[in-house]
Amino acid sequence: MKNLFSGLTMKEVKLALIIAVTFFLVLPLFITEGWISLVIEILILSLAATGLNLMLGYAGMVSFGPAGFYAVGAYTTALVLMKTKLPFVLAFVSGPILTALLAVCIGWFCVRLTHVYFALLTLAFSQIIFTIIHGWYSFTKGDDGIVGVPIPDFLSSIYNFYYFNLIIIAGCTWFLWRIIKSPFGKTLQAIRENPQRALSVGINVHRYQLATFVLSGLFLGVAGTLFCTFSKNVFPNYAHWLKSTEMLVVCLLGGINVFWGPFVGSFIYQFLDNFISGYTLYWPLVLGTTIILLLLFLRGGIAGYVANRISLKQKTNKQVN
């Protein structure tokens with residue numbers, strides 16, 4: 001598993017992180033509210049895709065149903081806020097918590113299968129979630145969705161919500177980074193490369209895969225909850241298979257073999273969606289062509305290509321010295 005910072009010294013890595021943090025902190029001072037909204041959407045999609053990439057890129061578990069967990073997080077928070085008088089903090093954390101509990105139940109079945117069977121089973125469970133949300137009109141309002149989700153006054157300002165969103169996503173990203181750098185993350189990569197060998201040395205493969213499935217569901221639930229509080233609306237299409245495809249495409253565009261790949265992919269995807277779609281109704285054709293070109297010439301995605309170039313430059317410098 002490559003690192004976008006491969007080939008850089010620790011000092012250079014810290015400098016890059018300081019620049020990135022400073023950039024996002026001062027960004028609202030130089031852009032309009034419309035652009036701020038777009039950046040918020042990009043960051044939320046990035047978190048969802050990074051949560052998915054924990055399974056996809058690090059554990060080698062291809063899931064076609066991440067949107068189901070994304071929708072559960074969004075709907076749980078929306079329903080708690082609409083139907084109870086619980087404080088906002090409790091309503092906010094209820095989404096990810098319920099999503100993680102549901103991921104335990106679904107994951108128990110899914111991790112017993114591998115490859116295409118695992119992928120199709122995750123898709124099946126996601127479509128079950130979509131069907132329940134779409135059909136349970138008395139509780140979820142069906143295809144009308146839930147509109148006007150109440151949020152605290154301090155989050156009504158787009159600037160306040162931007163920084164609230166930034167803090168949550170930065171914290172989740174840091175936690176995900178610590179996970180993949182821990183012995184747990186290294187074990188996941190060993191399972192991805194050769195599950196049979198990992199099993200032969202005493203690693204409980206199913207237990208690690210289930211833990212990864214639950215962690216991925218947790219962060220997808222956080223992303224769904226954030227988008228619910230941002231848009232103040234939730235709809236059944238949050239759980240649709242097209243939403244799952246969107247997250248998979250984001251991972252592929254950025255690179256599943258690089259931790260920061262989903263963030264890069266999210267920027268690219270949102271650019272194609274928001275700008276090219278303004279000039280043509282056939283923007284998915286542009287997106288499809290982009291993906292084909294990436295698969296043919298940049299199989300590691302955009303961030304993967306950058307990481308490879310940095311690593312190659314480092315090797316060249318060592319040989320010269």
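**Close-ups of a predicted model**

**View 1. A nonpolar patch sits on the surface of this predicted model.** Seven names to look for here: Leu86, Val89, Leu90, Val93, Ile97, Leu98 and Leu101, which together put about 620 Å² of accessible area on show. Pick out Val93 and you're looking at a residue of helix H4, the stretch covering residues 88–110. Val93 has 34% relative accessibility, so it counts as partly exposed; that label covers the range between the 20% limit for buried and the 50% limit for exposed.

**View 2. Phe118 is tucked away in helix H5.** The helix covers residues 115–135. Phe118 comes in at just 4% relative accessibility, so it's called buried, the cut-off being under 20%. Who's around it? Leaving out residues up to four places away in sequence, Phe118 touches Met55, Met61, Val62, Ser63, Cys110, Val111, Leu113 and Phe213. If you want a distance to check on screen, try the C-alpha atoms of Phe118 and Ala49: they're 18 Å apart, with the two residues 69 places apart along the chain.

**View 3. Ser244, in helix H11, reaches over to Phe64.** Helix H11 takes in residues 241–254. Ser244 is buried because its relative accessible area is only 1%. Its side chain gets to the backbone oxygen of Phe64 at 3.3 Å. Phe64 also shows up among the residues that Ser244 touches, along with Gly65, Pro66, Ala67 and Ser126, again not counting residues up to four places away in sequence.

Terms used: Residues numbered from 1 in each chain as written. Predicted model: local features only at pLDDT ≥ 70, side-chain atom pairs only at ≥ 80, totals over all residues. Heavy atoms only, no water. Helix = DSSP H or I, 4+ residues; strand = E, 2+ residues; numbered from the N terminus. Buried < 20%, exposed > 50% of the residue type's maximum accessible area, 1.4 Å probe, protein only. Contact = heavy atoms within 4.5 Å. Patch = residues over 30% accessible without salt bridge, like charges linked within 9 Å, V, L, I, M, F, W, Y side chains within 5 Å. Areas by Shrake-Rupley, 256 points an atom, 1.4 Å probe, with all protein chains shown as cover. Salt bridge = Lys/Arg side-chain N within 4 Å of Asp/Glu carboxyl O. Polar contact = N/O pair within 3.5 Å; in protein donor to acceptor, adjacent residues only side chain to side chain.
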